[in-house]
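Could you open your viewer and keep the selection panel handy? We will go from stop to stop, picking a few residues each time and looking at what is there.

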Amino acid sequence: MTAQTLTRNTQTTRTRHSGSAESRLLPLALLLPGLAVLLAVIGFPMLYSLYLSFTDYTLTTARNFHFVGLENYLILVQDPIFWQAFGRTVLFMTLAVNLEFIIGLGIAQLMAKAIRGRGALRTIIMMPMMFAPILVGFMFKWAFNDQVGLVNNILFSLTGRPQIIPWLVDVPLGFIALLVAEIWMSTPFMVIILEAGILSLPVEPFEAAEVDGASGWQKFRMLTLPMIMPFVYTAMAIRSLDLARVYDVVRIMTDGGPGNRTELIWTYVYRLSFSGHNFALGSAMSYVTVIISFLFTWYLFRNVLRSRWEGQR
């Protein structure tokens, strides 16, 4: 009986080990089709565009191109339009993210204090996110039109004098119009993330601060803001990645004009690759932008992890 019992235990152990091995391999097997699709749809084009960035490939010489090494990257370093577009993109990203954060934090604070209708408020706030960026571009292109635009008509109603302000042609005004369109479209995302952070905060520290006689500003500065910093960094990281590749709104409203004065990095990539037929130079510019975006995202997520670690101490 003892030998039979040992045999049964050995068989049971083997069955458990084989079952555990199968259970570990099953998720991987289920993921393989999706990974294969991602590799074909994303991985191959990225690797091929990286290869093209080291060649002189253009649409006119598609069957006769050569390996040129780092020549395209050296051309970008010496291209003033590229650096202007890059600096303008960084400025656009910095202003948009910070303004969206300030406006979104204010709205999130008000929504978190709402007693009734919070769900309806969230639905209304999120409506701008439901519009396609191309539609938002057309809408604000009409709103800032110098002849029949809504903005100039409002100014005419307020001042009583015809206001023909070339919003989309003037250099600083065109940039401001793009900022307004992007902030209107994307601030709801910041509101939802920050409101979730505010609603997740524990009540006890605020009750203790209330007993100690802290003002509303002191509670916000010393408690609310430090405690929601992981949510702030997460929202900023996601929005920074979105703004680093902004294209649709700029393409529709100004198309980078006049004279490349509202050109951002991805509209310039499009102009080089498709209008100028220079896929190799456009690929090189794309990879430079992706590397910079990756470093910036790494910096933000490092701050996210640091703020979470400090919050757990």
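**Stop 1: helices 7 and 10**

Keep in mind as we go that this is a predicted model. Begin by selecting residues 171–199, which form helix 7, together with residues 229–244, which form helix 10; their axes come within 9 Å and cross at roughly 155 degrees. An angle over 145 degrees counts as roughly antiparallel, and that makes helix 7 roughly antiparallel to helix 10. The crossing here is right-handed.

Now show the side chains where the two helices meet. On helix 7, pick Glu182, Ser186, Phe189, Met190, Ile193, Leu194, Ala196 and Gly197. Their partners on helix 10 are Phe231, Val232, Ala235, Ile238, Arg239 and Leu243. If you color this contact by class, you will find 10 nonpolar, two polar and two charged residues.

**Stop 2: helices 8 and 9**

Next, select residues 204–211 for helix 8 and residues 216–227 for helix 9. Their axes lie 11 Å apart, and the packing angle is about 155 degrees. How are helix 8 and helix 9 oriented to each other, roughly parallel or roughly antiparallel? With angles over 145 degrees counted as roughly antiparallel, helix 8 and helix 9 are therefore roughly antiparallel. Their crossing is right-handed.

For the contact itself, display Pro205, Phe206, Ala209 and Glu210 from helix 8, which meet Lys219, Leu223 and Thr224 from helix 9. The classes in this contact are four nonpolar, one polar and two charged.

Before leaving helix 8, click on Val211, which belongs to that helix. Val211 is exposed, at 71% relative accessible area. For a view across the model, draw a distance from Val211 to Met129: their C-alpha atoms are 40 Å apart in space, with their positions 82 residues apart in sequence.

**Stop 3: helix 9 again, this time with helix 3**

Keep helix 9 on screen and add helix 3, residues 80–113. The axes of helix 3 and helix 9 come within 14 Å and cross at roughly 100 degrees. Since 65 to 115 degrees counts as roughly perpendicular, that makes helix 3 roughly perpendicular to helix 9. Which residues make the contact? Select Phe101, Leu105 and Gln109 on helix 3, then Phe220, Thr224 and Leu225 on helix 9. This contact of helix 3 with helix 9 has four nonpolar and two polar residues, and no charged ones. You may recognize Thr224 from the previous stop, where it was among the helix 9 residues meeting helix 8.

**Stop 4: Val151 in helix 6**

Move to Val151, which sits in helix 6, residues 150–159. Is Val151 buried or partly exposed? Its relative accessible area is 21%, so Val151 is partly exposed; buried would need a value under 20%. Leaving aside residues up to four places away in sequence, Val151 touches Ala143, Phe144 and Trp167. Pick out Trp167 among these: the C-alpha atoms of Val151 and Trp167 are separated by 9.2 Å, and the two residues are 16 apart along the chain.

**Stop 5: Ser49 in helix 1**

Select helix 1, residues 2–52, and zoom in on Ser49 within it. A polar atom of the Ser49 side chain lies 2.8 Å from the backbone oxygen of Met46. Beyond residues up to four places away in sequence, Ser49 touches Ser283 and Tyr287.

**Stop 6: two positive phi angles**

For the last stop, look at backbone torsions. Asp255 is in the loop between helix 11, residues 248–253, and helix 12, residues 265–275. Although Asp255 is not a glycine, its phi is positive, about 55 degrees. Asp255 is partly exposed, with a relative accessible area of 32%.

Follow the chain into helix 12 and show its buried residues: Ile265, Thr267, Tyr268, Val269, Leu272 and Ser273. After helix 12 comes His277, with a positive phi near 60 degrees. His277 is placed in the loop between helix 12 and helix 13, residues 279–312. At 35% relative accessibility, His277 counts as partly exposed.

Technical notes: Residues are numbered from 1 along each chain as its sequence is written. This is a predicted model: local features need pLDDT of at least 70, side-chain atom pairs count only at pLDDT 80 or more; totals for chains, interfaces and linings use all residues. Side-chain values use heavy atoms; hydrogens and water are left out. Axes are lines fitted to C-alpha atoms, for helices over the stretch in contact, and angles run from 0 to 180 degrees between N-to-C directions. Helices (H or I, at least four residues) and strands (E, at least two) are DSSP runs, numbered from the N terminus. Angles under 35 degrees count as roughly parallel, over 145 as roughly antiparallel, 65 to 115 as roughly perpendicular and the rest as oblique. A crossing is left-handed if the near helix is turned anticlockwise from the far one by less than a right angle, and right-handed if clockwise. Contact means heavy atoms within 4.5 Å. Ala, Val, Leu, Ile, Met, Phe, Trp, Tyr, Cys and Pro count as nonpolar, Asp, Glu, Lys and Arg as charged, and the others, Gly among them, as polar. Buried means under 20% relative accessible area, exposed over 50%, partly exposed in between (1.4 Å probe, protein chains only). A polar contact is a pair of N or O atoms within 3.5 Å; within protein, one must be able to donate a hydrogen and the other to accept it, and residues adjacent in sequence count only if both atoms are side-chain atoms.
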